[in-house]
Amino acid sequence: MDSTATYEVKDIKLAEAGKKNIEWAEAQMGALMEIKKRFEKEKPLKGIKVGMALHVTKETAVLVRTLITGGAQVAITGCNPLSTADDVAAALAKEDVKIWAYKGETKEDYYKYLNKVIDFKPQITIDDGCDLVTEIHSKHKELIPSIIGGCEETTTGVIRLKAMERDGALKYPVIAVNDNDTKHLLDNYIGTGESTWDGIKRGTNVLVSGKTVVVAGYGSCGKGVALRAKGMGAKVIVTEVDNFKALQAVYDGYYVMPMDDAAPLGDIFITVTGDIKVIKIRHMEKMKSGVIICNSGHFDVEIDYKGLKEMARSVEEVRPLVEQFIMPSGKTVICLGQARLVNLALAEGHSSEVMDTSFCGQALAVEYCVKNKGKMPASVIRLPPAIDDYIAKLKLDVYKIKIDKLDEEQIKYLSSWHEGT
Ligand SMILES: NC(=O)c1ccc[n+]([C@@H]2O[C@H](COP(=O)([O-])OP(=O)(O)OC[C@H]3O[C@@H](n4cnc5c(N)ncnc54)[C@H](O)[C@@H]3O)[C@@H](O)[C@H]2O)c1
């Protein structure tokens, strides 16, 4: 580990490779680069301290550079022990960003690093999963009066924040960037759909065509994962707990059944529910030998990985982050990425083009917090739809795609109730 007072990263010598990777991402993040150009001129974040707990990837580095260009000071750590790109972390350290992160962090280091970001006394927090907000609210309440607001990146984080709001525990405003249409629809659906398979394929090189794939959860992420599986020629089973989502899956052409029934049929299982113990030991016992199980939901609780480790006769890491468990029955179960986000543990997360829209949301949410300092309630807030629309327009401009405009007659027709049959 290489460390100074302002950083701790795996190997600072990886900085040059990380810089190249960040530039690779920048070339595909045209919408965020437009915002960066404006930030350069206007400096809307001048003097603001931003503390971040986000996956330390090349795309996150582009967001960090954007915020700094806008005048902010940034301190960052990861939001998952297995998702840090060590070369990117080294490059950020070389650029004098305060950073504490490495791939394979222990739980102790994970929380030590979160607290390094808290020691920086951020005025705005950016979270992916709500760990930073939770740590501040439970152990560093003295910081709360100086915090302008926060921004949350993912569904699981928003669920936790809403629970805090419901319990009267949330003490500063947090913008649910996850709930922007340009984030939830593109990142969760398109991004997770593709990158989950990227992680599974890079990790195992398995042929998907002809396999039976079981997708647990048919929300935004599950819909994307199931669609890509179908596109590769798999038979797809969906499991759900929500009647409407289950019906949607039926009409989209998938088999729908409980996990107990799907367990003996599947070859590859993917959880994307945000829920706990969706794949239980009793399910694993029913599975065929050689199945692959993995998770692409936020936390490592969707598969009972702890139970699997306890009950297995033996375990061997047969490829990086690919563990083969021998069950008491003699059958094997292959678990990817220690049941953590498979797309970040075994691949690079979403494509830069996807993170472009997500991180436009983060950059504009930080700017919104600064502009609305002291005016927002201590609750979970959505950005105004006009900001979402602006992000969509920026992205269409990147692709040089033009769309029609409503003319006067259409505007009048759509806003009146007089004209009928
Ligand atoms: N891998 C990534 O890069 C990535 C990206 C975005 C979001 N996420 C995470 O993925 C998870 C899902 O996000 P989403 O936006 O699709 O959420 P969502 O709320 O849209 O969908 C989750 C679905 O899971 C279902 N579900 C809940 N418990 C279940 C159970 N026991 N069995 C079967 N289905 C169950 C729900 O009914 C819901 O339809 C969250 O943890 C989110 O933070 C991961």
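1. Is Cys-221 buried or exposed? Cys-221 is buried, because its relative accessible area is 17% and the cut-off for burial is under 20%. Keep in mind that this is a predicted model.

2. On the cysteines more broadly: a search of the whole structure turns up zero disulfides. Cys-221 is in none. The nearest cysteine sulfur to that of Cys-221 belongs to Cys-294 and lies 13 Å away. A sulfur pair would have to be within 2.5 Å to count. Cys-360 is likewise in no disulfide. For Cys-360 the nearest cysteine sulfur is that of Cys-151, 14 Å away. Cys-360 is buried, with a relative accessible area of 0%.

3. The nine-stranded sheet. Nine strands make an open sheet with mixed pairing. Their order is β1-β2-β5-β4-β3-β6-β7-β8-β17. The edges are β1 (2–3) and β17 (380–381), and each pairs on one side only. At the β17 edge, strand β8 (residues 174–176) pairs with β17 in the parallel sense, over two bridges. Val-174 has Val-380 in β17 as its bridge partner.

4. Helices on that sheet. Helix α4 (residues 86–94) packs on the sheet and touches β2 (7–9) and β5 (98–100). The direction of α4 makes about 155 degrees with that of β2. Helix α15 (residues 352–371) also packs on the sheet. Its contacts are β3 (49–53), β6 (124–127), β7 (149–152) and β8. The angle between the directions of α15 and β7 is about 165 degrees.

5. The eight-stranded sheet. A further open sheet has eight strands, again with mixed pairing. The order runs β11-β10-β9-β12-β13-β16-β15-β14. Edge strands are β11 (255–256) and β14 (314–319), each paired on one side only. Strand β9 (residues 212–216) and strand β12 (residues 268–271) pair in the parallel sense over four bridges. Within that pair, Val-215 stands opposite Ile-270 in β12. Helix α9 (residues 220–231) packs on this sheet, touching β9, β10 (235–239) and β12. The direction of α9 makes about 170 degrees with that of β9.

6. Helix α1: length. Does the geometry of α1 (residues 15–26) fit or miss the expected span? The 12 residues, at 1.5 Å a residue, should span 16 Å, and the end C-alpha atoms are 16 Å apart, so the two agree.

7. Helix α1: faces. Which residues of α1 are buried? They are Ala-15, Gly-18, Ile-22, Ala-25 and Glu-26. These residues cover an arc of only 100 degrees around the axis, so they sit on the same side of α1. The general rule behind such patterns is that an α-helix has 3.6 residues a turn, so residues three or four places apart point the same way. Lys-20 and Trp-24 are exposed, on the face of α1 turned away from its buried side. The cover over the buried residues of α1 includes α2 (30–42), α3 (58–69), α4 and α15.

8. Gly-70. Where is this residue placed? Gly-70 is in the loop between α3 and β4 (73–77). Gly-70 is buried, with a relative accessible area of 0%. Leaving out residues up to four places away in sequence, Gly-70 touches Phe-39, Lys-43, Pro-44, Leu-45 and Lys-46. Glu-348 is 278 residues from Gly-70 along the chain, and their C-alpha atoms are separated by 27 Å.

How values were computed: Residues numbered from 1 in each chain as written. Predicted model: local features only at pLDDT ≥ 70, side-chain atom pairs only at ≥ 80, totals over all residues. Heavy atoms only, no water. Pairing = 2+ DSSP bridges. Contact = heavy atoms within 4.5 Å. Axes fitted to C-alpha atoms, helices over the stretch in contact; angles between N-to-C directions. Expected span 1.5 Å × (residues − 1). Buried < 20%, exposed > 50% of the residue type's maximum accessible area, 1.4 Å probe, protein only. Arc of directions from axis to C-beta.
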